[in-house]
Amino acid sequence: MESRIISKTDIINQQQIDKILNFPEVIAAKKKIESKAQGNEYFNIPLTPEIQQILLEVFNLDFSDSTNKTIPMRWIKGDTPAHTDKGPTKFQNTYLAYLTDSPGKLIIANQEFPIQSGAAYIFQEGETHETHGTGDIPRLMLGPMSESGYAVGMGGMTLKYPGGTIIYIRENSGDIQYS
């Protein structure tokens with residue numbers, strides 16, 4: 001597969017980010033992620049007209065006629081292993097935007113990007129990506145989601161390690177379970 005990655009910076013201004021950071025859902029999920037050593041907290045926030053406008057301008061996603069009235073969000077703490085996003089149905093692209101800064105980098109198809117507030121990315125379904133060097137500072141993401149607005153992520157991924165070891169990882173309520 002030929003990589004096609006779209007990277008945009010400064011897509012959301014600080015005033016817009018501050019509004020989102022004050023949503024009750026964002027505050028509640030942040031409390032949960034802060035109590036963990038690492039992991040994810042998945043949740044949704046209302047799809048306000050302002051957020052609809054951001055999604056249209058940044059990602060060219062028009063949800064004005066959508067029956068979906070929420071947008072997926074995620075707090076993450078720690079690195080994410082190399083994976084491809086999965087969703088309930090096939091989709092064309094993954095859309096995500098960082099709303100807070102974090103140390104480390106996002107790596108998509110061997111291309112490195114800083115994790116910074118206001119940076120957005122669009123990449124094809126099936127594209128391998130990961131984060132490195134993120135430490136223990138939680139970072140907030142709008143998405144990751146598909147062009148239909150549903151959450152996508154690394155649920156049900158399989159990791160293969162040298163020597164033939166295979167680990168299947170299944171997400172359950174935001175916690176990763178190894179089997």
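The dialogue below asks how the descriptions of this predicted model are justified.

Author: This is a predicted model, in which local features need pLDDT of at least 70 and side-chain atom pairs count only at pLDDT 80 or more, while totals for chains, interfaces and linings use all residues. Residues are numbered from 1 along each chain as its sequence is written, and side-chain values use heavy atoms, with hydrogens and water left out.

Reader: Why is Thr-94 called buried?

Author: Buried means under 20% relative accessible area, exposed means over 50%, and partly exposed lies in between, for a 1.4 Å probe and protein chains only. Thr-94 has 1% relative accessibility, so Thr-94 counts as buried. Thr-94 belongs to strand β4, where helices (H or I, at least four residues) and strands (E, at least two) are DSSP runs numbered from the N terminus.

Reader: And what makes Ser-148 buried, partly exposed or exposed?

Author: The relative accessible area of Ser-148 is 45%, so Ser-148 is partly exposed. Ser-148 sits in the loop between β9 and β10 (157–160), and from its C-alpha to that of Asp-62 there are 9.2 Å in space, although the two are 86 residues apart in sequence.

Reader: How do you know that β4 is largely enclosed by the rest of the structure?

Author: The conclusion rests on a count, because six of the six residues of β4 are buried. Both faces are covered, with Asn-93, Tyr-95 and Ala-97 buried on one side and Thr-94, Leu-96 and Tyr-98 buried on the other.

Reader: What makes β4 and β7 a pair?

Author: Two strands pair if DSSP finds at least two bridges between them. β4 and β7 have five bridges in the antiparallel sense, with Leu-96 standing opposite Tyr-121 in β7, so the definition is met. β4 is also joined to β9, again antiparallel, by three bridges, and there the bridge partner of Tyr-95 is Met-145 in β9.

Reader: Why are β1 (5–8) and β2 (39–46) said to stand at the edges?

Author: The sheet is open and has six strands in the order β1-β7-β4-β9-β3-β2, with antiparallel pairing. β1 and β2 each have a single partner strand, so one side of each is left without a neighbour in the sheet. Neighbouring strands of this sheet are turned by 20° against each other on average, direction ignored, where the axes are lines fitted to C-alpha atoms, for helices over the stretch in contact, and angles run from 0 to 180 degrees between N-to-C directions. For β1, the pairing with strand β7 (residues 120–124) is antiparallel over four bridges, and Lys-8 stands opposite Ala-120.

Reader: Which strands are at the edges of the sheet with the order β6-β5-β8?

Author: This open sheet has three strands and antiparallel pairing, and its edge strands are β6 (111–114) and β8, each of which pairs on one side only. Strand β5 (residues 105–108) is joined to β8 by four bridges, and one of the bridge partnerships is that of Lys-105 with His-132 in β8.

Reader: How do you know that the buried residues of helix α3 line one face?

Author: In α3 (residues 49–59), the buried residues are Ile-51, Gln-52, Ile-54, Leu-55, Val-58 and Phe-59. Seen down the axis of α3, they fall within an arc of 160°, so they line one face of the helix; the arc is that of the directions from the helix axis to the C-beta atoms. Pro-49 and Glu-57 are exposed on the other side.

Reader: What arc do the buried residues of α2 fall within?

Author: In helix α2 (residues 24–34), Val-26, Ala-29 and Ile-33 are buried. Their arc, seen down the axis of α2, is 70°, so they too line one face, while Pro-24 and Lys-31 are exposed on the face turned away.

Reader: What makes an empty space a cavity?

Author: On a 1 Å grid over the protein atoms alone, a cavity is a set of points where a 1.4 Å probe fits but cannot get out, and lining residues have an atom within 4 Å of a point. Grid points are joined across faces, edges and corners, and a volume is the space filled by probe spheres set on the points. By this rule there is one cavity of 30 Å³ or more, and the largest cavity has a volume of about 90 Å³. Its lining includes Arg-74, Asp-85, Leu-96 and His-129.

Note on methods: On a 1 Å grid over the protein atoms alone, a cavity is a set of points where a 1.4 Å probe fits but cannot get out, and a pocket is an open set with protein on both sides within 12 Å along at least five of seven lines; lining residues have an atom within 4 Å of a point.
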